[in-house]
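Trainee: I should like to understand the terms used for this structure. May we go through them one at a time?

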Amino acid sequence: MACAAARSPADQDRFICIYPAYLNNKKTIAEGRRIPVSKAVENPTATEIQDVCSAVGLNVFLEKNKMYSREWNRDLQYRGRVRVQLKQEDGSLCLVQFPSRKSVMLYAAEMIPKLKTRTQKTGGGDQSLQQGEGSKKGKGKKKK
């Protein structure tokens with residue numbers, strides 16, 4: 001414990017970790033979600049979290065090959081971990097608006113839906129929903 005206290009808060013291994021599962025509204029708290037469902041995002045990625053945090057001015061880096069221990073799905077989509085610096089070497093906050101890891105998570109979850117990549121994907125999502133409905137009708141005909 002004395003070793004951890006001796007290290008500077010500016011060391012990269014002292015940055016906070018944010019996994020996409022923390023912000024995912026498809027997960028339960030037991031599966032790793034750490035914010036309310038009402039504020040969570042549908043399937044966020046580590047790169048989206050990195051984009052949002054770096055845009056606001058936080059010191060951020062992405063670890064692509066890291067995986068959340070409770071994540072059972074090994075797909076590339078679910079991989080990644082974002083490290084964020086909250087405190088400077090002297091122990092003061094980097095940005096006053098982010099005093100805790102929870103404040104960073106809530107901010108990221110609020111901003112991810114506003115990303116350009118998200119707003120473009122919603123148009124494609126509607127088409128896939130329509131295709132899904134069509135396949136449901138086909139299944140209904142087969143049952144008759």
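Mentor: Let us begin with pairing: two strands pair if DSSP finds at least two bridges between them. The model before us is predicted. In it, glutamate 63 has arginine 81 in strand 3 as its bridge partner.

Trainee: What makes strand 2 and strand 3 a pair?

Mentor: Strand 2, residues 60-63, is joined to strand 3 over four bridges, in the antiparallel sense. The definition asks for at least two bridges, and therefore these strands count as paired. Phenylalanine 61 contributes as well, with arginine 83 in strand 3 as its bridge partner.

Trainee: How do you know that strand 1 pairs with strand 3?

Mentor: Three bridges join strand 1, residues 16-18, to strand 3, and the two run antiparallel. The requirement is at least two, so the term applies here also. Within this pairing, isoleucine 16 stands opposite valine 84.

Trainee: What is the order of the strands in the sheet?

Mentor: The sheet is open, has three strands and follows the order 1-3-2, with antiparallel pairing.

Trainee: Why are strand 1 and strand 2 called edge strands?

Mentor: Strand 1 and strand 2 each pair on one side only. From one strand to the next, the twist averages 30 degrees.

Trainee: Which helix packs on the sheet and touches strand 1, strand 2 and strand 3?

Mentor: That is helix 2, residues 46-56, whose direction makes about 170 degrees with that of strand 2. Helix 3 lies across strand 1 and strand 3, and runs at about 30 degrees to strand 1.

Trainee: What makes both faces of strand 3 covered?

Mentor: In a regular strand the side chains alternate between the two faces of the sheet. In strand 3, residues 81-84, Arg81 and Arg83 lie on one side, Val82 and Val84 on the other, and all are buried.

Trainee: Why is isoleucine 112 called buried?

Mentor: The relative accessible area of isoleucine 112 is 0%. Buried means under 20%, so the term fits isoleucine 112. Isoleucine 112 lies in the loop between helix 3 (101-111) and helix 4 (116-143).

Trainee: Which residues does isoleucine 112 touch, not counting those up to four places away in sequence?

Mentor: They are Leu23, Val41, Pro44, Glu48, Ile49, Val52 and Arg118. Isoleucine 112 and glutamine 50 are 62 residues apart in sequence, and their C-alpha atoms are 10.0 Å apart in space.

Key: Residues are numbered from 1 along each chain as its sequence is written. This is a predicted model: local features need pLDDT of at least 70, side-chain atom pairs count only at pLDDT 80 or more; totals for chains, interfaces and linings use all residues. Side-chain values use heavy atoms; hydrogens and water are left out. Buried means under 20% relative accessible area, exposed over 50%, partly exposed in between (1.4 Å probe, protein chains only). Contact means heavy atoms within 4.5 Å. Axes are lines fitted to C-alpha atoms, for helices over the stretch in contact, and angles run from 0 to 180 degrees between N-to-C directions.
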